[in-house]
Amino acid sequence: MITSDTDIAVAAARAGADVVRGLYGRRLARIDKGAGDFATEADVAAEKAILDVIRAARPGDTVLGEEGGRRGAADAARQWLVDPLCGTLNYAVGNMLVAVNVALRDGAAAMTAAVADPFGGEVFHTDGTHAWVRDGAVDAPLVPSPDTRLVDVNLDPPFPSAPGFRGVDLLAHPGFGARFRPRVVSTTLALAWVAAGRRAAYVTDGGDLSGSVHFAAGIALCRAAGCVVTGVDGVAPEEGGRGLVAAADAETHELLMSMIGPRRDCQ
């Protein structure tokens, strides 16, 4: 029986992942969202499967879904943030690098979250204090490490902090190539990999991402695992920081911040 919020997050993420995996490779209708963005039938079906789990266990909670919007009161203390298929473009062209993100914000309490890898079979999850990866029925603690030297940089436009930060500028910095190796996964599954020690860091431009359905679960995982997480301007996301720098340790974070440099407002 599902009893804890963590169990619910894991079950919901797994339910969404089952749908994503089951529909993979089919010709799916696309739903235009404007500005070149779109969803597929898999996004919508996965979100429904996730909502079914949450509604059955916590019928009074509010849910903010990437595809269906908000269901429940906007000022509710308990709010689930759901991104049913992070990496839709990857998925639509037959690339398996995608994630299913489920997070719970419960007032001022630490965030409960789960990130499922539909094709790898793993579910990364946190109760807000500790973080684990579940493979099958076995949980192992997440242990961040900079040893891989691999840094994922999100290069999807727009770049709202430009010219103070641009992903291409970071990649071209001579110190970056001397210390790190860039990767571009184009899904927040990379945040889970930072928490698990498979990436040294993840960097993206953007606005306030603390309440984003795309990033909330990954931020929660990284923090619970002991990573250093700020915006690209060094400010914590929930305090108005822009974008995201999630690093395995303080040294890696400090080095990346020195390469990004201080933010300069657009002229």
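**Exercise 1. Helix α7 and the residue after it**

Determine what sign phi takes at Gly226, just after α7, and how many residues of helix α7 are buried in this predicted model.

*Solution.* Step 1: Gly226 directly follows α7 and has a positive phi of about 105°. Step 2: the helix covers residues 216-225, and nine of these 10 residues are buried. Step 3: the buried residues of α7 are Ala216, Ala217, Gly218, Ile219, Ala220, Leu221, Cys222, Ala224 and Ala225. Step 4: with nine of its 10 residues buried, α7 is therefore largely enclosed by the rest of the structure.

**Exercise 2. Unusual backbone geometry**

Identify the residues other than glycine for which a positive phi is given, Arg149 and Ser186, by location and exposure, and then locate the cis peptide bonds that end at Pro158 and Pro163.

*Solution.* Step 1: the background is that most residues other than glycine have a negative phi, and most peptide bonds are trans. Step 2: Arg149, which is not a glycine, has a positive phi of about 65°. Arg149 sits in the loop between β10 (138-141) and β11. Its relative accessible area of 34% makes Arg149 partly exposed, because that class lies between the 20% and 50% cut-offs. Step 3: Ser186 has a positive phi of about 60° and belongs to the loop between β12 (181-183) and α6 (189-195). Ser186 is partly exposed, at 36% relative accessibility. Step 4: the bond from Pro157 to Pro158 is cis, with omega near 5°, and Pro158 lies in the loop between β11 and α4 (167-172). Step 5: Ala162 and Pro163 are also joined by a cis peptide bond, with omega about 5°; Pro163 is likewise placed in the loop between β11 and α4.

**Exercise 3. Two buried residues and their surroundings**

Establish whether Ala46 and Leu150 count as buried or exposed, and state what each touches away from its neighbours in sequence.

*Solution.* Step 1: Ala46 belongs to helix α2 (residues 41-57). Its relative accessibility is 0%, so Ala46 counts as buried. Step 2: beyond neighbours within four places in sequence, Ala46 contacts Gly16, Val19, Val20 and Pro84. The C-alpha atoms of Ala46 and Ala15 are 7.3 Å apart, although 31 residues separate them along the chain. Step 3: Leu150 is located in strand β11 (residues 150-153). At 17% relative accessibility Leu150 is buried, because the cut-off is under 20%. Step 4: setting aside residues up to four places away in sequence, Leu150 touches Arg181, Arg183, Arg198, Arg199, Ala200 and Ala201. From Leu150 to Ala201 the C-alpha separation is 7.0 Å, across 51 residues of sequence.

**Exercise 4. The chain as a whole**

Explain why the protein chain is described as being as compact as a globular protein of its length, and state where the confidence is lowest and highest among its elements.

*Solution.* Step 1: the secondary structure comprises eight helices and 15 strands. Step 2: the radius of gyration is 18 Å, close to the 18 Å from the globule rule for 267 residues, so the chain is as compact as a globular protein of that length. Step 3: of the 267 residues, 51% count as buried. Step 4: mean pLDDT over the chain is 91, with 96% of residues at 70 or more. Step 5: confidence is lowest in strand β1 (residues 30-34), at a mean of 83, and highest in strand β8 (residues 122-126), at 98. Over residues 263-267 the pLDDT is below 50, and this stretch has 11 contacts in the model beyond near neighbours in sequence.

Terms used
Residues numbered from 1 in each chain as written. Predicted model: local features only at pLDDT ≥ 70, side-chain atom pairs only at ≥ 80, totals over all residues. Heavy atoms only, no water. pLDDT = per-residue confidence, 0-100. Helix = DSSP H or I, 4+ residues; strand = E, 2+ residues; numbered from the N terminus. Contact = heavy atoms within 4.5 Å. Rg over C-alpha atoms; globule rule 2.2 N^0.38 Å. Buried < 20%, exposed > 50% of the residue type's maximum accessible area, 1.4 Å probe, protein only.
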